[in-house]
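With the model open in a viewer, please follow the stops below in order, selecting the named residues at each one.

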Amino acid sequence: MTDASSTLNFNEAIQRLVNGEQLDAAQVISLLHDESGVFRVDEGPLHDYKQEFPFSYSDGYFGGILRLICALHNTYGGIIVFGVHDKERTAGKNKVIVDSEKINRKIREDLSRPLQISSTSLTTPSGDVQVLIVPPRPAMRPPIYSKKAYGDYKAGTIYLRKGPEVLSAVGADLAFLYGDRSDPFSEGETRDHSIPSSLPPSPATIQEFVGRFSAIERICDWVTNSRDPRMFLWGQGGSGKSTIAYEFCSIAAQTGRLLKNKYGLSIDRVIYISAKSIYLNSRTGRIENVTVQDFDDALGIYKSILNLSNWDDPETIQGYDRDQCLDALEQLFDIETQLIAVDDIDTLTTAGKDGGMEELFAILSRAKSCAKVLYTQRGFPSFAANAALEVPGLNDEELKQFIELCCAKFSVPAPDEPGRRWIAQHSEARPLAIETMIGMRRITPSYEDAFRRWKENSSEPLQYLFSREYQQLNKDDRARHVLAALSLLEGPQGFDVLQDVLQFSNEQLEDAISECRDMFLRVSPGTTGGGDRYSLGPATKLFVREESRRLDRFALIEARVQIFTAKSKSAPPAFIPMLNRASRSIDLGNPQEAINLLTKETL
């Protein structure tokens, strides 16, 4: 035995090897096999055995190796020993020479982040092995994953190593994935990397964070790599913006000493404040008032930050005017690197109040500490498009997991398969909508009754999800007319159909679509270059159809849609606007214009 092997166990030796310490790989491998070369040590969190290195770099077996590399890197680092027989555990079974240059090139092409692995060939008493050495991932760096699917291994899935297993990461793993993983076998107290924070209770009813790993990754990248002092997390009502912002702030509060920005400064403090004045109680489906609102104007934001930073005693801060607050914030951000989350800022902006965003942006841009502010809001921030991150609905796997968690939380039976499909479709994959549908099952005899209650006229959940944005649409009502037409038409419709029904000019219709696009419309590309097609999701359609009845022109729009629908039974719907234009040309005494329109080669 060498000095290294006599003083280290195999886990300590592997850890030193993958951390780049001066340790010979042969010494490490000798700790895994006996004198005859049989690998007696079972697979563990830092090492795995494979019989052969892949012949192909494009099949499912290679995908499994890539998955294992990602899992080791995401957890503690580790080694993969190729050439070990699956059952006999003897070496010399690998027929493919490991090409480090080739596999590293493939890793650069396929993985989400740079990763350099190394390899070495060794001889044991039972035969040769090839060892891949995978370094660990630093704390507060986003997990790595494959951007490409291989067989059953889907693109974008984050893997980690638990014991000898490779598992898909879930929301409960986020704190571990971003935290300190430097000492996997410590039996003593774990290191404390937490920093001062002011986090309220979580805004989420479902405490286990589901999916949205990509959003957490983007926010982490912004904190660690971007010069921009602010980011806007935006999306439709109920999409989970507040929960994502809170989850990242929670992770940052636990591991802030390890979280360094572009200039090498670690985060000193995390603050989370919210403008929410109402919330949707998913247990009852009712809108309720928030007990305590952190602020209701820009001055309130400034004072909240100063108070939670312990800048001065609360009574003194309460007496500050706007200029005094801004002067204090300038001094604060010169000496303390903060991460501030300002939730639901559009509660102010949609009410016509100043949210103080530009003043805070100016201070943060000049601050020596490089402090940052994360806003959540429903609308797209057109004034800061380069700093915007959209929060979409849940994907299929996330939605399935979220339904199961909601059923467990509310102690209700799981819906049957048709019920699951109904929830997926009518919630538009918004977590709050899913949560409320299942929450209402507690107070109704069946899912059918819960769904009926969801669809009722003036349903409070629908009002909560859509009313704020609907009321903010331009008073000329053109955007509302577009929504009304789409709520009455079946399926996606093109620009020409909407123009025919609404009788808007090109510019009027373009402006109306632009106004309601982000928050209400589903947009899909047309076939054969036919332009975008527009539709409403089921929940949006329920809300819009009820609200549209209050519009002065609703009866006229409804009549035109009925005429269009009747005509579409005898002609393709896409032809009807053109036929109507041809008819009008004839009525106006321009038959040649009608002939030109109907004899285009594109027909």
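Begin by selecting helix α9, whose buried residues pack against β9, α10 (314–318), α11 (322–335), β12 (338–343), α12 (346–349) and α13 (357–366). Please keep in mind, here and at every later stop, that this is a predicted model. Helix α9 spans residues 298–308 and is mostly covered, with eight of its eleven residues buried. To see which ones these are, colour A298, G300, I301, Y302, K303, S304, I305 and L306, the buried residues of α9. Then step just past the helix to N310, which takes a positive phi of about 55 degrees.

Next, select K372, which is found in strand β13, a strand made of residues 372–377. Is this lysine buried or exposed? Its relative accessible area is 4%, so K372 counts as buried, the cut-off being under 20%. If you display its surroundings while leaving aside neighbours within four places in sequence, K372 is in contact with W222, V223, S226, R227, D228 and P229, and also with Q338, L339 and I340. For a sense of scale, draw a distance from K372 to Y447, which is 75 residues away along the chain; the C-alpha atoms of the two are separated by 44 Å.

Stay at Y447 and add R441, whose charged end sits over the ring of Y447 at 5.4 Å from the ring centre. A second arrangement of this kind can be found by selecting R480 together with Y470, where R480 lies over the face of the tyrosine, 5.2 Å from the centre of its ring.

From Y470 one can pass to L483, since Y470 is among the residues that L483 touches once residues up to four places away in sequence are not counted; the others are L473, C516, F520, L521, L536 and V544. L483 also belongs to the largest nonpolar core, which has 62 residues, and it is one of the five members, with I438, W454, V482 and L498, that touch the most other members. Select helix α19 (residues 478–488) as well, because this helix gives the most to the core, with seven residues. Apart from this core lies another, of 36 residues, which can be located by selecting M140, L160, C220 and L374, all of them among its members.

Now turn on a pocket display. The largest pocket holds about 1000 Å³ of space, and its lining comprises 43 residues, of which P203, A204, S242, T243 and K276 lie nearest the pocket centre. Several elements each supply at least two residues of this lining, namely α8 (241–255), β9 (269–274), β10 (278–281), α14 (396–410), α16 (431–441) and α18 (460–471). Of the elements that contribute, α8 provides the largest share, four residues.

Move on to N74 in helix α4. With a relative accessible area of 0%, N74 is buried, and when residues up to four places away in sequence are not counted, this asparagine touches R137, P143, I144, I158, Y159, L177 and R181.

Helix α4 also leads to the enclosed spaces of the model. A search of the whole structure finds three cavities of 30 Å³ or more, and the largest cavity has a volume of about 60 Å³. Select G63, L66, R67, C70, S146, K148, Y150, Y153, K154, T157 and Y159 to outline its lining, in which α4 has the largest share, four residues.

Y150, one of the residues lining that cavity, brings the tour to its last stop, since F53, Y57, F62, F82 and Y150 form one aromatic cluster. The structure holds 16 aromatic pairs. In one of them, the rings of F53 and Y57 have their centres 6.1 Å apart and their planes at 65 degrees, so this pair is edge-to-face. In another, the rings of F53 and F82 have centres 5.0 Å apart and planes at 75 degrees, and therefore this pair is edge-to-face too. Because F53 lies in the loop between β1 (47–50) and α4 (60–74) while F82 lies in strand β2 (residues 78–82), the pair ties together parts that are 29 residues apart in sequence. Both F53 and Y57 are buried, and F82 is buried as well.

Note on methods:
Residues numbered from 1 in each chain as written. Predicted model: local features only at pLDDT ≥ 70, side-chain atom pairs only at ≥ 80, totals over all residues. Heavy atoms only, no water. Phe/Tyr/Trp six-rings, centres within 6.5 Å; stacked < 30°, edge-to-face > 60°. Buried < 20%, exposed > 50% of the residue type's maximum accessible area, 1.4 Å probe, protein only. Lys NZ or Arg CZ within 6 Å of the ring centre and 35° of its normal. Core = buried A, V, L, I, M, F, W, Y, C linked by side-chain atoms within 4.5 Å. Contact = heavy atoms within 4.5 Å. 1 Å grid on protein atoms, 1.4 Å probe; cavity = no way out; pocket = protein on both sides within 12 Å on 5 of 7 lines; lining within 4 Å. Points joined across faces, edges and corners; volume = space filled by probe spheres on them.
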